[in-house]
Amino acid sequence: TMQPGVTLRDLVNAIPLYAIKSGLLTVAKQGKKNIFSGRILEIEGLPTLKVEQAFELSDASAERSAAGCTIKLDKAPVIEYLQSNIVLLRWMIENGYGDAKTLERRARQMEAWIQSPDLMEADTDAEYAAVIEIDLNAIKEPILCCPNDPDDAKPLSEVCGESIDEVFIGSCMTNIGHYRAAGKVLEKMGTLPKGMRMWIAPPTKMDAHQLTEEGYYGIYGRAGARTEMPGCSLCMGNQARVADGAKVLSTSTRNFPNRLGKDAQVYLASAELCAVTAVMNKIPTTEEYLAVMKGIDAMSGTIYRYLNFNEIADFMS
């Protein structure tokens, strides 16, 4: 069971942390070990994740230098995801997107699979290069990746107290739930201190529209955050840049040197920890973080609701 205040992003960062503990991954470049390099990362034990949540884990496999990633899910979240996408595909046909025959064929294939769902799973006698077991009960604090290497994972208690100049919540590893959770934190904590620059860039225009409808853009504005055009923004490093030499906490996928800004020192962490850090102007202690997160469950149904197009009137019509 995930412990209070621990998020899915912390589980993403737990993978390299536990690999380091097992001697399967080293941070130093000289004589570097990386058990993931060129291999397929197979994840089991989280069968009820939404597909969008599973993507957060699979997306990070690129940062492990893995050749690919699979996640074993139950049929229910896959069916939910496909039902949403069937409606989206037919909405796209109605609005003249792409080739109608191709989109309709995809929609019908999805409908056929839902009628007789069958998921792949690993062979019972499969042999693995390594098995890394992560006990969710043992993760009681956030896990960050330190500047400037996505392999350099450390628990919050080892890096707390560091002053932070800029915070970014964005990238393809985020979904609408992260922005709701960050909004809840900002609503609870108040406005950003003078000099703090907080960037918020949802991945899609649909996310931005829904967050606006739910009042979250109002929360960001009152807190003093700057909202960017939906898309990659700082994560790509060629659409916007942090100040030279800035210390940054970011939800982006990677923190390679000079990617977000010249000589920037970039930590990777969850949206929730980013929001707390922005208001405090520093990476909080575990106790400070958990005190803010009390009553905020990032995995709850109220915060973690994806855009199910089959439940949105504009798309159904």
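Two strands pair if DSSP finds at least two bridges between them. Helices (H or I, at least four residues) and strands (E, at least two) are DSSP runs, numbered from the N terminus. The views below come from a predicted model, in which local features need pLDDT of at least 70 and side-chain atom pairs count only at pLDDT 80 or more, while totals for chains, interfaces and linings use all residues. Residues are numbered from 1 along each chain as its sequence is written, and side-chain values use heavy atoms, with hydrogens and water left out.

**View 1. Strand E6 and its parallel partners E5 and E7.**
Strands E6 (residues 197-201) and E7 (residues 226-227) pair in the parallel sense over two bridges. Look for Ile200, whose bridge partner in E7 is Thr227. Strand E5 (residues 166-170) also pairs with E6 in the parallel sense, here over five bridges. One position to find is Glu166, which stands opposite Arg197 in E6. To get from E5 to E6 the chain passes through helix H6 (residues 176-189), and this β-α-β crossover is right-handed; that is, with the strands pointing away from the viewer, the path from the first strand over the helix to the second runs clockwise. E6 is mostly covered, with four of its five residues buried. Buried means under 20% relative accessible area, exposed means over 50%, and partly exposed lies in between (1.4 Å probe, protein chains only).

**View 2. From E5 across E8 to E9.**
E5 and strand E8 (residues 247-250) run parallel and are joined by three bridges. Glu166 is worth finding again here, since its bridge partner in E8 is Val248. E8 in turn pairs with strand E9 (residues 265-268) in the parallel sense, over four bridges. Lys247 stands opposite Gln265 in E9.

**View 3. Helix H6, the connection in the crossover.**
Ten of the 14 residues of H6 are buried, so the helix is largely enclosed by the rest of the structure. Among the buried residues are Ile176, His178, Tyr179, Arg180, Val185 and Leu186. What span should the 14 residues of H6 have at 1.5 Å a residue? The expected value is 20 Å, and the end C-alpha atoms are 20 Å apart, which agrees. The expected span is 1.5 Å times one less than the number of residues in the helix.

**View 4. The buried face of helix H8.**
In H8 (residues 216-223), Tyr216, Tyr217, Ile219, Tyr220 and Ala223 are buried. Seen down the axis of H8, these buried residues fall within an arc of 155°, so they line one face of the helix; the arc is that of the directions from the helix axis to the C-beta atoms. An α-helix has 3.6 residues a turn, so residues three or four places apart point the same way. The buried residues of H8 pack against H6, E6, helix H7 (205-213) and E7, where contact means heavy atoms within 4.5 Å. Gly224 follows H8, and its phi is positive, near 100°.

**View 5. Leu273 and Thr277 in helix H9.**
Leu273 lies in helix H9 (residues 271-280) and counts as buried at 0% relative accessibility. Not counting residues up to four places away in sequence, Leu273 touches Pro142, Leu144, Leu156, Leu249, Pro284 and Tyr289. Leu273 and Ser250 are 23 residues apart in sequence, and their C-alpha atoms are 9.4 Å apart in space. Thr277 is found in H9 too, and it counts as buried at 0% relative accessibility. With the neighbours up to four places away in sequence left out, the contacts of Thr277 include Ile164, Val167, Met196, Leu249 and Pro284.

**View 6. Cysteines without a disulfide.**
How many disulfides does the structure hold? The count is zero, a disulfide being a pair of cysteine sulfur atoms within 2.5 Å. For Cys146, the closest cysteine sulfur is in Cys145, 7.3 Å away and too far for a bond. For Cys274, the closest cysteine sulfur is also in Cys145, at 12 Å, again too far for a bond. Cys146 counts as buried at 5% relative accessibility, and Cys274 is buried with a relative accessible area of 0%.

**View 7. Ser37 in a loop.**
Ser37 lies in the loop between helix H1 (8-21) and strand E1 (40-43). Is this residue buried or partly exposed? Ser37 is partly exposed, with a relative accessible area of 42%. Not counting residues up to four places away in sequence, Ser37 touches Arg64 and Ser65. From C-alpha to C-alpha, Ser37 and Glu63 are 9.6 Å apart in space, with their positions 26 residues apart in sequence numbering.
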